[in-house]
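Visitor: I'd love a close look at a single part of this protein. Could you pick one spot, walk me through its surroundings, and then show me how the rest is laid out?

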Amino acid sequence: MTLPSRRSRAAAVSALIVVSVLLSAPGCGSRKEVRPEPAPAVLPQGPKVAVAPMENRTNDLSGSDIIRDAFAEGVARKGFAVVPVAESDRILRETLGISYGGQLPTTSPEEVCKALGVEAVFYGDVQEWSKTTTGIYNSSTIAAAFRMYGKDGALLWEGNDRQVRQDVARGGGNLGAEMIAGALGNLLLNPMTPQGRRVGSNIARKIPMNLLKGVDR
């Protein structure tokens, strides 16, 4: 074999090696879907507000959290910059010694707004959270109200909502089974949570948009 032939073979082998390396590298030799990076979350640009712990006038311990969380989400959808409830609870506990809504009368909306660094604060009351389950007739009622105070203590807005749900067994040959299923459904599935969230969301939807200007800096 002549020298040029050997050189040609060596060049060909080198080229094959280079191609193999390139094909085995990540992203080569196969098409990969390029996913765009998610856009950063756009925070509301409205006035900074907070939703204080609710005063619970019922015997249910979870109702106030369910209604308050849904209300805070609704307030954010209105364009307000809402302080996360866990953060506002921590600040109120550490600065004013407030751990639940029933302690709010020991201070004032002005002091609460100052402690939280907000333009306004919402106070709320769980007025009713009741359920009657008999199997034949099941009923649940939830009622709540919220008030909005500016950082100067002025009452800017108030709203409320009440939701009643009633389920009556239809009867017929499967009445007994229907009663048992209805009772178990009320015990296990607890329809009060979506009903409570609906109350909180409904109240938030009643907030007028012009309040954004009313509490702006």
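Guide: Gladly! Let's start at Ser201, which lies in helix 6. This is a predicted model, so please read everything below in that light. Is Ser201 buried or exposed? With a relative accessibility of 14%, Ser201 counts as buried, because the cut-off for that label is under 20%. Setting aside residues up to four places away in sequence, Ser201 touches Ala70, Phe71 and Arg77.

Stay in helix 6, which spans residues 192–205, and you will find Arg197 there too. Arg197 has a relative accessible area of 31%, so it is partly exposed. Leaving out its neighbours within four places in sequence, Arg197 is in contact with Ile66, Asp69, Ala70 and Glu73. Ala70 therefore turns up in both lists, as a contact of Ser201 and as a contact of Arg197. There is also a nice pairing across the sequence here: Arg197 and Arg68 are 129 residues apart along the chain, yet their C-alpha atoms are 8.2 Å apart in space.

That kind of link fits into a wider count. Among contacts between residues at least 6 apart in sequence, 69% join residues at least 24 apart. For the overall plan, the protein has seven helices and six strands, and they follow one another as α-β-β-α-β-α-α-β-β-β-α-α-α. Of its 217 residues, 35% are buried.

Another place to look at burial is helix 4, residues 109–116, where Pro109, Val112, Cys113 and Leu116 are buried. Why do these four belong together on one side of helix 4? They cover an arc of only 95° around the axis, which puts them on the same side of the helix. The general geometry helps here: an α-helix has 3.6 residues a turn, so residues three or four places apart point the same way. The cover over the buried residues of helix 4 includes strand 1 (48–51), helix 3 (85–95), strand 4 (120–133) and strand 5. Just after helix 4 comes Gly117, with a positive phi of about 65°.

Strand 4, one of the elements covering helix 4, is a good place to follow the strand pairing. Strand 1 pairs with strand 4 in the parallel sense over three bridges, and Val49 has Ala120 as its bridge partner in strand 4. Strand 2, residues 55–56, also pairs with strand 4 in the parallel sense, this time over two bridges; there, Glu55 stands opposite Asp125. With strand 5 the sense is antiparallel, and strand 4 and strand 5 share 13 bridges. One of the pairs is Gly124 with Phe146, the latter in strand 5.

Strand 5 also takes us out to the surface. Tyr137 is found in this strand, which covers residues 137–150, and at 33% relative accessibility Tyr137 counts as partly exposed. Together with Ile136 and Val168, Tyr137 makes a nonpolar surface patch of about 270 Å². As for the surface as a whole, the protein exposes about 13400 Å², and carbon and sulfur atoms supply 56% of that area.

So, to return to where we began: Ser201 is buried at 14% relative accessibility, while Arg197, in the same helix 6, is partly exposed at 31%.

Notes: Residues are numbered from 1 along each chain as its sequence is written. This is a predicted model: local features need pLDDT of at least 70, side-chain atom pairs count only at pLDDT 80 or more; totals for chains, interfaces and linings use all residues. Side-chain values use heavy atoms; hydrogens and water are left out. Patches are made of residues with over 30% relative accessible area and no salt bridge: like charges are joined within 9 Å, nonpolar side chains (Val, Leu, Ile, Met, Phe, Trp, Tyr) within 5 Å. Accessible areas come from the Shrake-Rupley method with a 1.4 Å probe; for residues, only the protein chains shown count as cover. A salt bridge is a side-chain nitrogen of Lys or Arg within 4 Å of a carboxyl oxygen of Asp or Glu. Buried means under 20% relative accessible area, exposed over 50%, partly exposed in between (1.4 Å probe, protein chains only). Contact means heavy atoms within 4.5 Å. The arc is that of the directions from the helix axis to the C-beta atoms. Two strands pair if DSSP finds at least two bridges between them.
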